[in-house]
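Here is a set of short exercises to work through with the model open beside you. Try each task before reading its solution.

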Amino acid sequence: MVVDKSSSRLTIAIQKSGRLSKESIGLLQACGFKFSLHEARLLAHSSNQPVDLLRVRDDDIPGLIMDGVVDLGLVGENVLEEARLERVATNLPSEFERLRALDFGQCRLSIAVPKEDDYNGIADLNSKRIATTYPYLLQSYLQRQGVKASNAVLTGSVEVAPRAGLADAVCDLVSTGATLEANGLVEKDIIFRSQAQLIQRPEPLSAVKQAIVDQLLPRIDGVQMARESKYIMLHAPVSALDKVADLLPGAERPTILPLSHTDKLVAVHMVSTETLFWETMEELKAIGCSSILVLPIEKMMG
Ligand SMILES: Nc1ncnc2c1ncn2[C@@H]1O[C@H](COP(=O)(O)OP(=O)(O)OP(=O)(O)O)[C@@H](O)[C@H]1O
Ligand SMILES: O=P(O)(O)OC[C@H]1O[C@H](OP(=O)(O)OP(=O)(O)O)[C@H](O)[C@@H]1O
Ligand SMILES: [Mg+2]
């Protein structure tokens, strides 16, 4: 076991510029780290913690973690699992520790075919060519399905491959489906679901770095919990309190406060982990509730 003695500054790798960049830096800032970012610079120092940010292409993050070059990384599960499969196949270090699933970068890796094609299932891709940036994830799926197809590996613009005559189908990331639709493709099989992950190098960290990680993780939980929660305040008839509770199933036990001008109504304050839809607010109003406020929560700690 190699214990990290390198530097006392914790190094965190994040995507420099792309889909995960803004939310990665935003999450770390919400956890209390202050960074001064210069667009051109690879390394950013935190001014209030012994932490450095390394800003790289997302494809480099799994390797930097698995080779023990950086301490923490924020990366999509798709890129992580592709790198792990490739490293296993090529006998390179492939160990890492998963610390948290993060609440951004949700997407799926799917097989899609031209909309005019008659497609009746994955077996139709036998002996065909599939364009993808994720050859290991694709082949691992095809192998499980007993299908033999070849890869056309492209690092970008995968969606144009069928029209360009490079492949019969694609295996690409999908979120809203707009990219597929714009390119005349139809999503058929979801092969992998992904979201951003916080990962750590496999060897134990020095005590100084471990202390920072131990402080960071509950803060991430607090930020993510707050993001999916709302603070709800309303005035409710005392006689309708049970119905109010039924309408707000995601809410914790409410705080009930008297109102100065009446004893028929009370103020109800609660934290809810569920979105309060307009329909629910209308139902609350219909049973006599008023002054209904839904507020965002910035941070939470149990
Ligand atoms: N449409 C999407 N919606 C949500 N998350 C996505 C979407 N597309 C990709 N992602 C996630 O964001 C990650 C980064 O996507 P992006 O398109 O920025 O990567 P990239 O072009 O490979 O960037 P880089 O230049 O860093 O290599 C993906 O690996 C995936 O985990
Ligand atoms: O289903 P959709 O909502 O259309 O999203 C899917 C697209 O998003 C990603 O690309 P991105 O827009 O990040 O551009 P890139 O491929 O040039 O990096 C991904 O590679 C798909 O092309
Ligand atoms: Mg990339």
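**Exercise 1. Find which element gives the most residues to the shell around ligand 2, and describe that shell.**

Solution. Bear in mind that this is a predicted model.
- Start by listing the shell: Arg19, Gly156, Glu159, Asp172, Leu173, Val174, Ser175, Thr176, Gly177, Ala178 and Thr179 surround ligand 2.
- Next, assign these residues to elements: strand E9 (169-174) and helix H5 (178-182) are the ones that supply two or more residues.
- Strand E9 comes out on top, with three residues in the shell.
- Finally, sort the shell by class: three residues are nonpolar, five are polar and three are charged.

**Exercise 2. Work out which domains contribute to the shell around ligand 1.**

Solution.
- First, lay out the domains: the protein splits into domain 1 (10-105 + 196-226), domain 2 (107-194) and domain 3 (229-296).
- Then look at the shell of ligand 1, which has 16 residues, with Gly18, Arg19, Arg57, Gly76 and Ser175 coming nearest.
- Place the shell on the domain map: domain 1 and domain 2 each provide at least three of its residues.
- By class, four residues of the ligand 1 shell are nonpolar, eight are polar and four are charged.
- Arg19 and Ser175 deserve a second look, since both are also listed around ligand 2.

**Exercise 3. Decide how the overall dimensions of the protein relate to those of a compact globule of 302 residues.**

Solution.
- Begin with the expectation: a compact globule of 302 residues would have a radius of gyration near 19 Å.
- Set the model against it: the protein has 25 Å.
- Now take the box along the principal axes, which is roughly 75 × 60 × 35 Å for the C-alpha atoms.
- Add the domain layout: the centres of domain 1 and domain 3 are 40 Å apart over C-alpha atoms.
- For the interior, 30% of the 302 residues count as buried.
- The fold has eight helices and 15 strands, and among contacts between residues at least 6 apart in sequence, 69% join residues at least 24 apart.

**Exercise 4. Say whether Leu109 and Glu82 are buried or exposed, and find what they touch.**

Solution.
- Locate Leu109 in strand E6.
- Count its surroundings: 25 other C-beta atoms lie within 10 Å of Leu109, so this residue is buried.
- List its contacts beyond four places in sequence: Leu109 touches Asn78, Tyr134, Leu137, Cys171, Leu173, Ile191, Phe192 and Ser194.
- Check a partner far along the chain: Arg193 is 84 residues away from Leu109, yet their C-alpha atoms are separated by 6.3 Å.
- Turn to Glu82, which sits in helix H3 (residues 77-89).
- Glu82 has 23 other C-beta atoms within 10 Å and is therefore buried.
- Beyond four places in sequence, Glu82 touches Tyr134, Tyr136 and Leu137.
- Tyr134 is 52 residues from Glu82 along the chain, with 6.2 Å between the C-alpha atoms.
- Compare the two lists: Tyr134 and Leu137 appear for Leu109 and again for Glu82.

**Exercise 5. Find where Ser127 and Ser291 lie, given that each has a positive phi without being a glycine.**

Solution.
- Recall the background: most residues other than glycine have a negative phi.
- Ser127 has a phi of about 65°, and its place is the loop between strand E6 (107-114) and strand E7 (129-132).
- Ser127 is exposed because 10 other C-beta atoms lie within 10 Å, and the cut-off for exposed is 12 or fewer.
- Ser291 has a phi of about 50° and belongs to strand E15 (residues 290-296).
- With 11 other C-beta atoms within 10 Å, Ser291 is exposed too.

**Exercise 6. Describe the span that UniProt marks at residues 226-299, and place Lys243.**

Solution.
- Read the record: an unreviewed UniProt entry gives "domain: Histidine biosynthesis HisG C-terminal" for residues 226-299.
- Over residues 226-299 the chain is 24% helix and 42% strand, with end C-alpha atoms 5 Å apart.
- Lys243 is in helix H7 (residues 241-247).
- Lys243 has 17 C-beta neighbours inside 10 Å, so it counts as partly exposed.
- Its C-alpha atom is separated by 9.9 Å from that of Glu283, 40 residues apart along the chain.

Key:
Residues numbered from 1 in each chain as written. Chains lettered and ligands numbered in written order. Predicted model: local features only at pLDDT ≥ 70, side-chain atom pairs only at ≥ 80, totals over all residues. Near = placed C-beta within 6 Å. Nonpolar A, V, L, I, M, F, W, Y, C, P; charged D, E, K, R; others polar. Domains from an automatic or database assignment. Helix = DSSP H or I, 4+ residues; strand = E, 2+ residues; numbered from the N terminus. Rg over C-alpha atoms; globule rule 2.2 N^0.38 Å. Buried ≥ 20, exposed ≤ 12 C-beta atoms within 10 Å, placed from the backbone. Contact = placed C-beta atoms within 7 Å. UniProt positions renumbered as here; feature names shortened; annotations may be inferred.
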